[in-house]
Amino acid sequence: MEMQLPPHEGDELSVVDMHTGGEPLRIIVSGYPEVKGDSVLSRRRYVREHLDHLRRVLMFEPRGHYDMYGALIVDSEIPEADLGVLFMHNEGYSTMCGHAVIALGRFAVDYKLVKEPQSPETQVNIHCPCGLVKAFVEYSNGKTGGVRFLSVPAFAFATDVTVTVEGFGDVMVDISYGGAFYAFVDAQRFGLDVTKSRTRDLVDAATAVTKAVKSQVKLHHPTSDDLAFLYGTILTDGKDDYSSEPTANICVFAEAQVDRSPTGSGVTARVALQYHKGLIQLDQIRTFQSGATGSQFTGKAVEETKCGDFKAVVVEVAGRAFYTGVSRFVQEPEDKLTHGFLLKS
Ligand SMILES: O=C(O)[C@H]1NCC[C@@H]1O
């Protein structure tokens, strides 16, 4: 049978679906109207104000689900960028997404968004809302493979900050930036284990921390106010001292959304924190494992730098993404649920 849709009205939205370490990435390849703006950050503001209905169509049910993640390719104002990108999730638009960069690196080479691919690696410069991220995609015999990327300057924002968390009392957190801000807490503080506890319990604890930090700590980013917000909380297994063994974490971001991957921007922020605390040296590789799926990324600090007055590091994160399919989505005018919905949790 030929896979054609019956006659329908309206524009189609076409996507390529991938996953990185189990975390979905829906890459929107056509069907979006023009995204106005003179910078990637202003385009992020534009989609939030004018095109948010399309995020709900593509991320929410019946086409997506509570934990769906998306990427919209846009123009970049940086001449060396091969592409600009906006990230979307269940609550809005993030500023950095490492699992998406790993998938987009492969996608950009496979879909010819970069000039002549090079072996053994092809460089893809991806302009994320947080800045330019350089991805390096394994390429040989016409096939793409694993991807590593170099982060924007990442820095420990504050360590040992006490916040009062509803249901848990005073909790000490570290706050670090890896293209987005995260709060970090050892899951043992809540009597939880990131690899064994029920996901719902981990989400409840992490969400309570996020709420507390958002209301009790004022964040600041040296280059833009658009970047100065807490994206989520990462619960860890506390194994921050250098070891060749993997260390596990689980990231709860946006509106209690759970990352299936080890979280590329979270690994970046966690490496910056470990480096700041003197627990790792430059070029010392650590393996980070997702508490949700067991999938792994590696991370290492490769260079000292500055971000405003903060001492920062460039972090290299590596992982692998896979294609899962392509879809063409339509919206039938009579369909009352066409605009997307989420179940109340
Ligand atoms: O890998 C990452 O950085 C992301 N994954 C979902 C949440 C973060 O944006």
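Let me start with the side chains of D201 and R198, which meet in a salt bridge with a nitrogen-to-oxygen distance of 3.2 Å, and I should say at once that what we are looking at is a predicted model. D201 itself, at 29% relative accessibility, counts as partly exposed. As a general reminder, side chains of opposite charge can pair when their charged atoms come close. In this structure there are 15 salt bridges, and I would like to take you through a few of them before turning to the interior.

The pair formed by R106 and D110 is a local one, with the closest N and O atoms 3.9 Å apart. Both residues belong to helix α3, and because they are four residues apart there, about one helical turn separates them. The two partners do not share a burial class, since R106 counts as buried at 10% relative accessibility, while D110, with a relative accessible area of 27%, is partly exposed.

Now compare that with the salt bridge in which the side chains of R148 and E316 meet, at 3.0 Å from N to O. Which strands hold R148 and E316? R148 sits in strand β8, residues 143-150, and E316 in strand β17, residues 310-319, so this pair ties together parts of the chain that are 168 residues apart in sequence. Here the arginine, R148, is partly exposed at 23% relative accessibility, whereas E316 has a relative accessible area of 15% and is buried, the cut-off for that class being under 20%.

To close the topic of charge, there is also a network of salt bridges, and the residues linked in it are D52, R55 and R56.

Let me move to helix α1, which covers residues 40-50 and whose buried residues are V40, L41, S42, R43, R44, Y46 and V47. If you ask what covers these buried residues of α1, the answer includes α2 (52-59) together with the strands β3 (70-74), β4 (83-88), β5 (93-94) and β6.

Strand β6 takes us on to C130, because the loop in which C130 is found runs between β6 (121-128) and β7 (131-140). Although it is a loop residue, C130 counts as buried, with 11% relative accessibility. Setting aside residues up to four places away in sequence, C130 touches T95, M96, V152, Y177, G179 and L227. T199, by contrast, is 69 residues from C130 in sequence, and their C-alpha atoms are 29 Å apart in space.

Y177 turns up again when we look at A269, a residue of helix α5, which spans residues 264-276. Is A269 buried or exposed? At 0% relative accessibility, A269 counts as buried. Leaving out its neighbours within four places in sequence, A269 has contacts with S176, Y177, G178, Y182 and F184. A separation of 7.6 Å lies between the C-alpha atoms of A269 and F181, even though those two residues are 88 residues apart along the chain.

Helix α5 also brings us to the internal space. How many cavities of 30 Å³ or more does the structure hold? There is one, and the volume of the largest cavity is about 70 Å³. Its lining is made of 14 residues, of which C97, H99, Y231, D259 and T263 are the closest to the centre. Two or more of the lining residues are given by each of α3 (98-110), β13 (247-253) and α5.

The largest pocket, for its part, contains about 270 Å³ of space. The residues lining this pocket are Y66, D67, R200, V203, D204, T207, A256, V258, R260, L343 and S345. The largest share of that lining, four residues, is contributed by helix α4, residues 199-216.

I will finish on the outside of the molecule, where Y111, L113, Y323 and V326 make a nonpolar surface patch of about 360 Å². Of these, Y323 has its place in strand β18, residues 321-329, and with a relative accessible area of 30% Y323 is classed as partly exposed.

Definitions and conventions:
Residues numbered from 1 in each chain as written. Predicted model: local features only at pLDDT ≥ 70, side-chain atom pairs only at ≥ 80, totals over all residues. Heavy atoms only, no water. Buried < 20%, exposed > 50% of the residue type's maximum accessible area, 1.4 Å probe, protein only. Contact = heavy atoms within 4.5 Å. Patch = residues over 30% accessible without salt bridge, like charges linked within 9 Å, V, L, I, M, F, W, Y side chains within 5 Å. Areas by Shrake-Rupley, 256 points an atom, 1.4 Å probe, with all protein chains shown as cover. Salt bridge = Lys/Arg side-chain N within 4 Å of Asp/Glu carboxyl O. 1 Å grid on protein atoms, 1.4 Å probe; cavity = no way out; pocket = protein on both sides within 12 Å on 5 of 7 lines; lining within 4 Å. Points joined across faces, edges and corners; volume = space filled by probe spheres on them.
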